[in-house]
Amino acid sequence: MSDQKLRVGLFVTCLVDLMRPRIGFSAIKLLESAGCEVIVPSAQTCCGQPAYNSGDRASAQAVARKVIDEFRDCDYLVSPSGSCAGMIRAHYAELLAEFPQQRAEVERLAARTHELTSFLVDVAGMTTVPGRFDGEVTYHDCCSGLRELGVKTQPRDLLGRVAGLKVSEMGTPEYCCGFGGTFSVKYGEISARIADRKCDDIASTGAAAVVLGDLGCMLNIEGRLKRRGDTKTRVYHVAEVLAGLDED
Amino acid sequence: MSARDNILARIRSARGAAAASAQSDLAAIDGRINQHPVGTRPAMHWDQVPRFREQCVRMSSTVDEVASMRDVPAAVARFLTEQGLPMRAVAWPKIAHLDWTGTGVTVEDRPARGDDLVGITGVHLALAETGTVMLLSGVDTPAATSLLPETHIAVVPAGRIVLAMEEAWARTREELGELPRAVNFVSGPSRTADIEGQLQIGAHGPFRVHVIVALS
Amino acid sequence: MNAPVPGFKARAHDKLNDAKIQRAMKNFNLAAARTRGVADLENLEDIRTAAASIRDHSLARLDLWLERFEQEATRRGTQVHWAETHDDINRIVIEIARRTAVKKIIKSKSMVSEESHLNAALEAEGFQVVETDLGEYIVQLAGETPSHIIAPAIHKNRDDVADLFVKHHGTPRKTDIGELTMEARKFLREHFLSGEMGISGGNFLIAETGSLFLVTNEGNGRMTTTLPRIHVAITGVEKVVPTLEDVSCIMRLLARSATGQSISNYVTLNTGPKRPGDTDGPEEMHVIIVDAGRTKLLGTDMQEALRCIRCGACMNHCPVYQNIGGHAYGWVYPGPIGSVLTPNYIGLENALDLPNAATLCNQCGVVCPVKIPLPELMRKLREKQVDRGLRPWQERLGLTLWAWAAQRPVIYGWLTGITARAGRFFGGADRTIRRLPGNGWTEGRDMPAPAGKTFRELYAKRKQP
């Protein structure tokens, strides 16, 4: 077994970049802690999903081809987002079908792309996590991570290794939070109502925090909790909890 | 061009087929019909009679077991008495011509009408998988008898219980060749949940189904 | 006659704020029923694959399977009709009704007949039409359309039903659901016994035997196709299934997916009219095979939608449907399948909202018994809208600018840096933005403020010694 470290390209995601850089740094800490060499391609911006899901194929293709260029030299592309990892892994092949000359490359990238917690468990075999958290949390399964990438047990496995932390499952953790990308903006009323059901479910656990793996879900749930006047329930990205919340 | 011609033409053009169907296509159709492959199913490793009884109960029927067809009239009498039902029924000829003397039950050999309360039928086959009885329409097997009365009693010879619907088709092809006008699979009393999603037993069909399994 | 369905957002708004609808939708939990129902299938995923494959077999040679069905059905005495349009359906039924001099028509559920407004067309010609599925009956009394394809009246509560029965039956008011059901049984029994024509839908058409395959729990399907002297079945071209074994495989998933049962109460195969010596059965049996936009999907990227077996699982699991109910969708089929079929059947430009009003969570795709990739089809419809210039210019512009900036890291970094700082500023001390003008996010929730600097700039700084 080679001693050579896995070269992991971190795809930080546009929302983490804009809204919560700490999650990006937590991801780096975790990957390094798992023994990986972390590269952060500096020109990265977006995976193209907003355009793809809006039906603007050309825009999505342009952005996707840039991603392929940027991550060419990495052993893996890892992202703290089931949605972006899912976009690359499950959808790039279809999106770039009009570029048959790139097919092999696209398939290679897709095969090397992972959501963060599934990479840490399934590829890097991580068994100890640096973070500690005293209290009870509940976990929300982000739809893309769950249904496109099979991310389900891995975050719970890792959270189970966080000293002091207890996971209490909500009634329907797999139920959509209502974000849906541009859906949240175009059909805001329906989206907020779906989020409300998720917040009811979270509240029913009595947990101090809800933990999840996608920024879209995070902003949506946090935003709805605030509007409901809930100032107690915290919302954390799983990377932050695993890496330790004092990371900054 | 008729509607039929237009529709078929559109379909053929969509799949890139010529107007006259290729030999290979027709062979594929014939092949699938002749072979009628059984699709993937769950493993179903049960003893058929116990499974059938258990599923009948699960579908809200009641079940009784008797040694042979000779014991059916007494079993019917027992059931009607226990349920406080009138001791009167219409039945398929095969059932009507069992020996009902001494049971106190008056059985008429005719199809059910709107005002009959109890209908007794045999079955063509029964499905263990789902607690289902399979009834075929015919001169001696009127469909109304299992449909119109409030109570339907089905007499099931144990030897007519097969594992599942696929076995029933294989058996029926062997025994009859072609299907009769109506094949009815009945699994318990009628039901609906159309008002507030609350399950109600008893919609338009019978609201009571009693199955009597005759072991020999 | 296909009317456009604009006004989705307004309808959704009304339903979201209708306390009675919200109570009804909260109580509605066929999703849990399905979960219980499939628990006994250890090879559920393999069965789904088999069922999808059976549907694909039909669609791959649809013309030949339909011809075989017609041949077998005709041989057994069924009269087979073909309807290209919705108007054709109504015309054919009216012709049969006139020729056979019927006056009262009883119906067991047919969603295709909802597409063509058959009941209204028949009533306009002077025929009496009575729906016999309890949910459809309630909806008919209320002068409404169904809000779900399996449970048409879930938007009505027991008080609504009680009021309707008092008004239309003239009976004393009951509110016990059991009593209401028994009253419906009594009243509809009269109709069953006096109906002269029975119109049914058709869950499937079996090519091997020329049979109509009909599934109900109430028994009204059996009544409608046995008691009246004329039986007319209406179903779509896509419903043909090759063999008896094929339909048995699908049936295992249909009942579980719809209501969580291992089998529906009554599964009936009708093959032709009354035979000599038969004591029951109709004198004439007709099957109307309907196109009405279905064949247009064949051979296209929408073809998989034709696998649909109308179980309702997709809408039962859909977070959008669960909150807005079926009427908000504006046409016959609600939920995810409705969002795919409606634009395809009545025109992309007439149903712009439906494929967009979805989170693409794929709860529907996971439960669909025939593995229709519903979110993928919705996304493709969104692409078609963009290709045909049907999206608002602001949206097109926004996406184009986004993509432009996303390909230029320096400019992107600059823009995101400004946004992060501005957002942090407007978020104030409690780090919350309460109003974002121009979009729907803040209609129902706040926006947490950004941290204030972007990851890329912070990482770049850290990397420098």
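In this predicted model, A:Leu15 is in contact with A:Arg20, A:Leu215, A:Gly216 and A:Leu219, when its neighbours within four places in sequence are left aside. The residue A:Leu15 lies in helix H1 of chain A. With a relative accessible area of 27%, A:Leu15 is partly exposed, since the buried class is reserved for values under 20%. A:Phe133 stands 118 residues from A:Leu15 along the chain, and the C-alpha atoms of the two residues are separated by 25 Å.

Helix H1 of chain A also takes part in an arrangement that involves chain C. Helix H1 (14-19) is among the elements that cover the buried residues of helix H22 of chain C. The cover further includes strand E1 (6-10) and helix H2 (21-33) of chain A, together with helix H20 (409-427) of chain C. Helix H22 of chain C spans residues 455-463, and its buried residues are C:Phe455, C:Arg456 and C:Tyr459. Viewed down the axis of H22(C), these buried residues fall within an arc of 95°, and they therefore line one face of the helix.

A packed pair of helices was examined within chain A. Two packed helices are described by the angle between their axes and the distance between the axes. Helix H5 (residues 82-95) of chain A packs against helix H6 (residues 103-111) of chain A at an angle of about 165°, and their axes are 8 Å apart. H5(A) is therefore roughly antiparallel to H6(A), as angles over 145 degrees are counted in this class. The crossing in which H5(A) passes H6(A) is left-handed. On the side of H5(A), the contact is made by A:Ile88, A:Arg89, A:Tyr92 and A:Ala93, which meet A:Val106, A:Leu109, A:Ala110 and A:Ala111 in H6(A). The residues of this contact comprise seven nonpolar, no polar and one charged.

Backbone angles in chain B were also considered. B:Met44, a residue other than glycine, has a positive phi, near 40°. B:Met44 is placed in the loop between helix H2 (23-35) and helix H3 (48-58) of chain B. Its relative accessibility is 11%, so B:Met44 counts as buried. A positive phi, near 55°, is likewise found at B:Glu196, which is a residue other than glycine. The loop that holds B:Glu196 runs between strand E10 (191-192) and strand E11 (200-201) of chain B. B:Glu196 has a relative accessible area of 24% and is partly exposed.

Terms used: Residues numbered from 1 in each chain as written. Chains lettered and ligands numbered in written order. Predicted model: local features only at pLDDT ≥ 70, side-chain atom pairs only at ≥ 80, totals over all residues. Heavy atoms only, no water. Axes fitted to C-alpha atoms, helices over the stretch in contact; angles between N-to-C directions. Helix = DSSP H or I, 4+ residues; strand = E, 2+ residues; numbered from the N terminus. Parallel < 35°, antiparallel > 145°, perpendicular 65-115°, else oblique. Left-handed = near helix turned anticlockwise from the far one by under 90°. Contact = heavy atoms within 4.5 Å. Nonpolar A, V, L, I, M, F, W, Y, C, P; charged D, E, K, R; others polar. Buried < 20%, exposed > 50% of the residue type's maximum accessible area, 1.4 Å probe, protein only. Arc of directions from axis to C-beta.
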